Amino acid sequence: MARPAPSPLYTLRGAGSPLNTLHFGCCEGDPPLLFSGSGQGSVHVWNLTTRRAERVLEGHSGASVTWLNTLHSRDTLISQGRDMRVCLWDLAEGRGDVTDALWTGSVGFCRCSLLETGPGRWLLAHAGEAMEEPDSSPGPLLLAGYEDGSLALWDVSQRSVLSRAAAHPEPVMCLDFDPAGQRGVSGSSEKSLASWMLDGQHRLQLQEPVALVNPGISQLCIRGDRKIVASAGWDHRVRVFGWKKLRPLAVLQHHTDMVLSLAFSDHQDPRNRMLAAGSKDQRISLWSIYNQGSSDTG
């Protein structure tokens, strides 16, 4: 049985529209930052010490921002919008300029994925009109969820599907993957989470689904220590599960509308880790959960 829910540490207000995506930027010695992307095309840079927005970036012509990430440090930001652009931002020394942009040709809700392939080198995956010709060098594998409810594992260099599984009866809304454990979880509009793994031959193997009280998941997020996973629910709630057995641990109730986004902080000290949740109610809640000990997160 899930334990009684804690209260949020605090709530950030003032985004002015639904919060579609969140990303932490925590550096030792500097105030922790939280980047949020809104339904009206704005990126807010929140100082979590003052609990106020330091800056508001406008680069997607009012189109919804669906994904955020940082390169090197928090001085270089990448944002994806439904204006069919991925923008690269220079935030160093107080700047807030778009220095480059990529036209994706995709207006959907599929979020980008970023992989560091070497020092100063990254690989960006995004939905597009067609797959461009990649080089023939050995490359990484990519997991993708589709509108027909299936999951596919791609060999990026060979442009080939290694494995496919029918994980959901409805479109896949979100997924997250644990590379160390070769396990993943995905959500859709139904009342369950799909659990799956990769075997030694890179084949997707479905496991027992996890029943939910209410239907609809916007995002799933596995914490970096692989102890817990959180779900953003259409029922206004964040649910926390132990990652090992997907046992329900807590239900976080605070928002008055759909929870759309989640992010775990990247604090170096595990005791300072936080979970951020963004909602259609235009608020961001910050939580401290399961930071002391891990024996009860099975």
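Thr-104 is buried, at 9% relative accessibility, because buried means under 20% relative accessible area. In this predicted model, Thr-104 sits in the loop between β9 (97-103) and β10 (113-118). Met-84 is 20 residues away from Thr-104 in sequence, yet the two C-alpha atoms are 5.3 Å apart in space. The points below cover salt bridges, a charged surface patch and the repeat annotation.

**Salt bridges**

- The count of salt bridges in the model comes to 11.
- One of them joins Arg-74 and Asp-30, whose closest N and O atoms are 3.8 Å apart.
- This pair connects distant parts of the chain, with the two positions 44 residues apart in the numbering. Arg-74 lies in the loop between β6 (65-71) and β7 (76-81), while Asp-30 lies in the loop between β2 (19-25) and β3 (33-38).
- Arg-74 is buried, with a relative accessible area of 12%, whereas Asp-30 is partly exposed at 44% relative accessibility.
- Another salt bridge links the side chains of Asp-90 and Arg-95, at 2.6 Å from N to O. Arg-95 counts as partly exposed, with 33% relative accessibility.
- Arg-223 and Asp-225 also form a salt bridge, and their closest N and O atoms are 3.0 Å apart. Arg-223 is buried at 4% relative accessibility, and Asp-225 is partly exposed at 26%.
- Asp-90, Glu-93 and Arg-95 belong to one network, joined by salt bridges that share partners.

**Positive surface patch**

- Lys-227, Lys-244, Lys-245 and Arg-247 form a patch of positive charge on the surface.
- Lys-244, one of the patch residues, is located in the loop between β22 (237-242) and β23 (248-253).
- The relative accessible area of Lys-244 is 65%, so this residue counts as exposed, the cut-off being over 50%.

**Repeat annotation**

- An unreviewed UniProt entry places the feature "repeat: WD" at residues 123-164, 165-206 and 252-297.
- Over residues 165-206, one of the annotated ranges, the chain is 52% strand and 0% helix.
- The C-alpha atoms at the two ends of residues 165-206 are 7 Å apart.

Conventions
Residues numbered from 1 in each chain as written. Predicted model: local features only at pLDDT ≥ 70, side-chain atom pairs only at ≥ 80, totals over all residues. Heavy atoms only, no water. Patch = residues over 30% accessible without salt bridge, like charges linked within 9 Å, V, L, I, M, F, W, Y side chains within 5 Å. Areas by Shrake-Rupley, 256 points an atom, 1.4 Å probe, with all protein chains shown as cover. Salt bridge = Lys/Arg side-chain N within 4 Å of Asp/Glu carboxyl O. Lys, Arg positive; Asp, Glu negative; His and termini not counted. Charge placed at Lys NZ, Arg CZ, Asp CG, Glu CD. Helix = DSSP H or I, 4+ residues; strand = E, 2+ residues; numbered from the N terminus. Buried < 20%, exposed > 50% of the residue type's maximum accessible area, 1.4 Å probe, protein only. UniProt positions renumbered as here; feature names shortened; annotations may be inferred.
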